[in-house]
Amino acid sequence: MITDSGPVIIDWPQAVDAAHPHADELLKRDLGNVLRFFQRKYRIDMPLEEALSAVREADRI
């Protein structure tokens, strides 16, 4: 989805609870895959740590 503040990605099939012991590892893997797709397809570059920070900030809202 595209909102006024930017894209929102929803990935329900692979959702895990934040308390899952491997949640951080899975988030990094999946977010890295999304970033690689956008870099390849649209030449949009964002470092993984910057994207993680944005995702974690959005989770606090």
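The following exchange goes through several labels given to residues of this predicted model.

User: Why is Arg-43 called exposed?

Analyst: The relative accessibility of Arg-43 is 60%, and since exposed means over 50%, Arg-43 counts as exposed.

User: Where does Arg-43 sit, and what is its phi?

Analyst: Arg-43 lies in the loop between helix 1, residues 23–42, and helix 2, residues 48–59, and although Arg-43 is not a glycine, its phi is positive, at about 60°.

User: Why is Val-8 called partly exposed?

Analyst: Partly exposed is the class between the buried limit, under 20%, and the exposed limit, over 50%; Val-8 has a relative accessibility of 32% and therefore counts as partly exposed. Val-8 is placed in the loop between strand 2, residues 6–7, and helix 1.

User: What makes Val-8 eligible for a nonpolar surface patch?

Analyst: A patch residue needs over 30% relative accessible area, and Val-8 has 32%; together with Met-1, Ile-10 and Trp-12, Val-8 makes a nonpolar surface patch of about 470 Å².

User: How do you know that Gln-39 is partly exposed?

Analyst: Gln-39, a residue of helix 1, has a relative accessibility of 27%, and because buried means under 20% and exposed over 50%, Gln-39 counts as partly exposed.

User: Which residues does Gln-39 contact, leaving aside its neighbours within four places in sequence?

Analyst: With those neighbours left aside, Gln-39 is in contact with Ile-44 and Asp-45, where contact means heavy atoms within 4.5 Å. The C-alpha atoms of Gln-39 and Ala-51, which are 12 residues apart along the chain, are separated by 13 Å.

Terms used
Residues are numbered from 1 along each chain as its sequence is written. This is a predicted model: local features need pLDDT of at least 70, side-chain atom pairs count only at pLDDT 80 or more; totals for chains, interfaces and linings use all residues. Side-chain values use heavy atoms; hydrogens and water are left out. Helices (H or I, at least four residues) and strands (E, at least two) are DSSP runs, numbered from the N terminus. Buried means under 20% relative accessible area, exposed over 50%, partly exposed in between (1.4 Å probe, protein chains only). Patches are made of residues with over 30% relative accessible area and no salt bridge: like charges are joined within 9 Å, nonpolar side chains (Val, Leu, Ile, Met, Phe, Trp, Tyr) within 5 Å. Accessible areas come from the Shrake-Rupley method with a 1.4 Å probe; for residues, only the protein chains shown count as cover. A salt bridge is a side-chain nitrogen of Lys or Arg within 4 Å of a carboxyl oxygen of Asp or Glu.
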